[in-house]
Each structure stands twice: as C-alpha cells, then as structure tokens.
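I opened the notebook with a short list of things to look up: the overall build, the charges, the aromatic rings, and a handful of single residues.

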Amino acid sequence: MEIKVLHQVMEWNKDVSDQVRKTLSDHHIFMINIMGSPGAGKTSLITALIGKLRARFRIGVIEGDIAGQVDAERIARLDIPAIQLNTDGACHIEAMSIQNILPMLPLDDLDVIFVENIGNLVCPAEFDIGESLRITILSIPEGDDKVEKYPLMFTDTGCLVLNKYDMLPYFDFDEIRVEQNYETVNPDAPLYRVSCRSGQGLDELCDFLTEKILSDKKS
C-alpha cells in the first residue's frame, strides 16, 4: 500500500476545528485524538484497538510525527487506510492540517479515525483538532508525577489509559497517586489500566469507545 505524506503548514484558523467536525459529521465519522509522550505506546494501543474494533467499525488512521513514516507503514500493513502527517518540527497537530489531510482518506467508507498526535505532554492538549474524543496515555515507565506536572493534558481528555501496566512490578510507580490526582483534575473521566502485550484492560476500553461511537451516531 502506498503511504501518502502531507507536510504540516503552520497556519492558524480558529474556526477550522468546527469545519473539521462538520466534515466528520457529514460522513458520520467518530475521530479519536490519541495523545501522550514519545514511547508511551500510542501506536501499539491504536494497533491493539484496531484488532478489537475492526470487526464492528471501519477504521482509518492519521499518524502524526515530526518526520518519517514508520508508524503509518506499520498501520498500513494491517490493511487499514493510513496517512502520514509530518509536522516538520512542530510539537503538535493543528486542525488546519487535519482539514487538509481528511480528503486523502476514504471518508465514505469509514466509521472511526484514530489520530496519533505528536509525542508531547504539553502542546497537543492546547489545540482542538476537531476530534470527537481525546484519549491521554500515561505509561508506567514515565513515572507517577505527570498529572501534577502537566495538568491540562489530563484535564481535557475523555479518558486516561495507564499503558504498559504489565511493567508495574518493575518500576517505582504509585498508581494510587496518579488515580487521586486524575480524579482531582478530571473527576468524570474514566481511567483504564491497559497492557497491549497481555491484553489486560483492552476489552473494557473498547466497550467504552464502542458506547461513545454508537452514541455519537445516534445523535
């Protein structure tokens, strides 16, 4: 499968996220913005979710990276429509870039689009890209202080995924600290303990996403 590459143009338009939402609504597509640090396991989580959800939903992926197309190639090998979005140094994806890239996907044949945002716990949280839902990933090796250090990333999200949970015995990671801090900044959003390696927590996360997707289609 050919991988198309779009280079991000840093042009700000405060109304463009609404335009993106209208495009997605017109095509009945639910777009999920996946955010987290480099190495948190964003691509692995998307791959695992595709495996669980593809029997029910038609899925496409937008892979955001500063450079390269390794992750898009990985997704494309699953026979999933994948577009690489390179930001050429920018630390986040903007709605303008999503608007430009959507026509490269077969929108009439999709129910869900996963967007893997740039690996960063600061900038992506500040930019609405027209998504239907945000997922923030915090992996066990990153440490348990991230909710306190980067509150916006965890405040403005639909759920938190504690990823690589199978590694908990090998790190000094206080999950209760994370849970309590997360409940303080985002009391209504669920937290899921997930291991893409063992499959732990994936079914529960997929049930949550399925409910959100189907509810959006009914509205």
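The entries below go from the whole chain down to single residues.

**Entry 1, the whole chain.** I note at the outset that this is a predicted model. I went through the secondary structure and found 8 helices and 8 strands in the protein. I then looked up the radius of gyration, which is 16 Å and close to the 17 Å that the globule rule gives for 219 residues, so the protein is as compact as a globular protein of that length. For the extent along the principal axes, I have the C-alpha trace spanning about 45 × 35 × 35 Å.

**Entry 2, burial and contacts.** I looked up how much of the chain is covered, and buried residues make up 54% of the 219 residues. The accessible surface comes to about 10,000 Å², and 48% of that surface belongs to carbon and sulfur atoms. I also took the contacts between residues at least 6 apart in sequence, and of these 74% join residues at least 24 apart.

**Entry 3, charges.** I asked myself how far apart the mean positions of the positive and negative charges are. With 21 positive and 36 negative charges in the protein, the two mean positions are 3 Å apart.

**Entry 4, aromatic rings.** My search for aromatic pairs returned a count of 1. The pair is formed by Tyr192 and Phe208, with 5.6 Å centre to centre and 45 degrees between the planes, and is classed as tilted. The two rings link distant parts of the chain, as Tyr192 sits in strand E8 (residues 191-193) and Phe208 in helix H8 (residues 202-218), 16 residues apart. I checked the accessibility of both partners, and Tyr192 and Phe208 are each buried.

**Entry 5, Phe154.** I went next to Phe154, which belongs to helix H6 (residues 151-155). Is Phe154 buried or exposed? Its relative accessibility is 0%, and Phe154 therefore counts as buried. With neighbours within four places in sequence left aside, I listed the contacts of Phe154 as Thr136, Leu138, Lys146, Val147, Leu160, Tyr182, Val185 and Asn186. I also took the C-alpha to C-alpha distance from Phe154 to Lys164, which is 18 Å for a separation of 10 residues in sequence.

**Entry 6, Lys164.** That distance led me to Lys164 itself, which I placed in the loop between strand E7 (159-163) and helix H7 (175-185). I stopped at the backbone here, since the phi of Lys164 is positive, about 60 degrees, although the residue is not a glycine. As a reminder to myself, most residues other than glycine have a negative phi. The relative accessibility of Lys164 is 24%, and Lys164 is accordingly put down as partly exposed.

**Entry 7, Asp79 and Ile80.** I looked for another positive phi and noted Asp79, a residue other than glycine with a value near 60 degrees. Asp79 lies in the loop between H3 and E4, and I have Asp79 as exposed, with a relative accessible area of 56%. Ile80 is likewise placed in the loop between helix H3 (70-76) and strand E4 (82-86), but Ile80 is buried, with a relative accessible area of 4%. I also recorded that the C-alpha atoms of Ile80 and Arg58 are separated by 8.7 Å, while the two residues are 22 apart along the chain.

**Entry 8, Asp109.** Where is the place of Asp109? I found Asp109 in the loop between helix H4 (95-101) and strand E5 (112-116), and with a relative accessibility of 47% Asp109 counts as partly exposed. Finally, I took the C-alpha separation of Asp109 and His27, which comes to 8.7 Å for residues 82 apart along the chain.

Notes:
Residues numbered from 1 in each chain as written. Predicted model: local features only at pLDDT ≥ 70, side-chain atom pairs only at ≥ 80, totals over all residues. Heavy atoms only, no water. Helix = DSSP H or I, 4+ residues; strand = E, 2+ residues; numbered from the N terminus. Rg over C-alpha atoms; globule rule 2.2 N^0.38 Å. Buried < 20%, exposed > 50% of the residue type's maximum accessible area, 1.4 Å probe, protein only. Contact = heavy atoms within 4.5 Å. Areas by Shrake-Rupley, 256 points an atom, 1.4 Å probe, with all protein chains shown as cover. Lys, Arg positive; Asp, Glu negative; His and termini not counted. Charge placed at Lys NZ, Arg CZ, Asp CG, Glu CD. Phe/Tyr/Trp six-rings, centres within 6.5 Å; stacked < 30°, edge-to-face > 60°.
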